[in-house]
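Colleague: Could you walk me through reading ring contacts and helix faces in a model? I'd like the general idea, then the case at hand.

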Amino acid sequence: MEHEFTKKIKSILKQAFPKTFDKIFATSELLQYLNIKTKSANRGSKSRGSFANLYAIYVLVEDYVAKGFNKSGRYKNYEGAIFSDLFERQRELPFGQKLQNHALNHRMNEEFKKYFPTCEYIPILRDHLSNKYWFNQNLLRIRISKKNFDIAETVMKVIDAYVEAKKSAFDKFIQFCEDAEKYKDEKLIRFISDLLQPSVDARIFEIVSYSILKYYYHNQKLYWGFDPDEIRKDNLKLYKTGRTNANDGGIDFVMKPLGRFFQVTETVDVKKYFLDIDKIEKYPITFVVKSTDSIEAIKQKIQKQAERQYAVTMIVTRYMSCIEEIINIPGLLSIFQTVVEEGNLNKVLGEIIRQSKVEFNYNDDSEESDLENRKEQLEV
């Protein structure tokens, strides 16, 4: 598979190995894997980043290079990298602040095996007793014409280049959003609507979904109280609980004062839905799904998968009853239309810009945005 970023990979490889770069690229499963994982580099900010598995590779290869094993050849005697060091390092990397341990522990290996089922090596080696990690040197040393070529530094440079490309894309996205503030309403509506597509990056979809839902609910009033003579009137308020795509299994949005939970997802995998439901002790949850399928079709898919997985109707019914509401892309677009009619179009765009700056680590602004968000919450 060749795509726009493949040229960049080959260019980096050629700088290191001018005479053999083509053979090394064709021979190395690891470089082929990087090629697959970086296909979104030139597709702008709306495409998925896939940083978790790339960073699992990066931190281990970085450790390998930092200790000089790419030159000494003594890696087989290395005691291994410490998990906490690797974990901390991947969170220091751009877009890595909320990454979890899954890629290091198994997901990267599982995905690699999916793409290269006949490869006899797995990339990440782990000793469960000592919790030490290694990168499989067999994938870093490529043998061409009876000569070994160590591609560790090249692997790091490829991932660095990919991250720079994605950062540039997100910079352009935020700049584009800021420029969109000057748009007339019709063009701005089209711009935001285009951000609600199945191919859009998961983080952007979550940010846009939140921004629309926030201003959809904020005018809706609720009357409640503990005493019939002291009824309180509150507007519904939606809170974003953290950065997007954190992969931490947490709840994405919470609504006060109703206490509704929202989870944004791009899958219709029943295991994912029921895992989220289990995490909150089967508390009702609303799923915002990055799908154009009808709500009924999404429910049927979940139901059929659940019936295949759980043979007991009572269990399936119990889980399905925990799905409070499903909001799909057509639903979000309809809600967005209501928000526009209520005169909140520019507020939605402002929220998208504010949340994007926090998400994409615009440090100068993120602290300010965090403070603004906290102040806003305290004022409620």
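Modeller: Sure, and keep in mind that this is a predicted model. Let's start with charges over rings: Lys237 lies over the face of Tyr239, 5.9 Å from the ring centre. Lys187 does likewise with Tyr183, at 4.4 Å from the ring centre.

Colleague: And ring on ring? How many aromatic pairs are there?

Modeller: In general, you describe a pair of aromatic rings by the distance of the centres and the angle of the planes. Here the count comes to 27 aromatic pairs. Take Tyr64 and Tyr75: their ring centres are 4.7 Å apart and the planes sit at 85°, so this pair is edge-to-face. Tyr64 belongs to helix H4, while Tyr75 is in the loop between helix H5 and strand E1, so the pair ties together parts 11 residues apart in sequence.

Colleague: Are Tyr64 and Tyr75 buried or exposed?

Modeller: Both Tyr64 and Tyr75 are buried. Elsewhere, ring pairs join Tyr210, Tyr216, Tyr217, Phe253 and Phe262 into a cluster.

Colleague: Now helices. Which residues of H12 are buried?

Modeller: The general idea: an α-helix has 3.6 residues a turn, so residues three or four places apart point the same way. In H12, the buried ones are Ile298, Ile302, Gln305 and Ala306. Viewed down the axis of H12, they fall within an arc of 100°, so they line one face of the helix. Lys304 and Arg308, on the other side of H12, are exposed.

Colleague: What do the buried residues of H12 pack against?

Modeller: Helices H11 and H13, plus strands E11 and E12. H12 itself covers residues 295–309 and reaches 21 Å from first C-alpha to last, close to the 21 Å expected.

Technical notes
Residues are numbered from 1 along each chain as its sequence is written. This is a predicted model: local features need pLDDT of at least 70, side-chain atom pairs count only at pLDDT 80 or more; totals for chains, interfaces and linings use all residues. Side-chain values use heavy atoms; hydrogens and water are left out. Helices (H or I, at least four residues) and strands (E, at least two) are DSSP runs, numbered from the N terminus. The expected span of a helix is 1.5 Å times one less than its number of residues. Buried means under 20% relative accessible area, exposed over 50%, partly exposed in between (1.4 Å probe, protein chains only). The arc is that of the directions from the helix axis to the C-beta atoms. Contact means heavy atoms within 4.5 Å. Rings of Phe, Tyr and Trp (its six-membered ring) pair if their centres lie within 6.5 Å; planes under 30 degrees apart count as stacked, over 60 as edge-to-face and the rest as tilted. A charge sits over a ring if NZ of Lys or CZ of Arg is within 6 Å of the ring centre and within 35 degrees of the ring normal.
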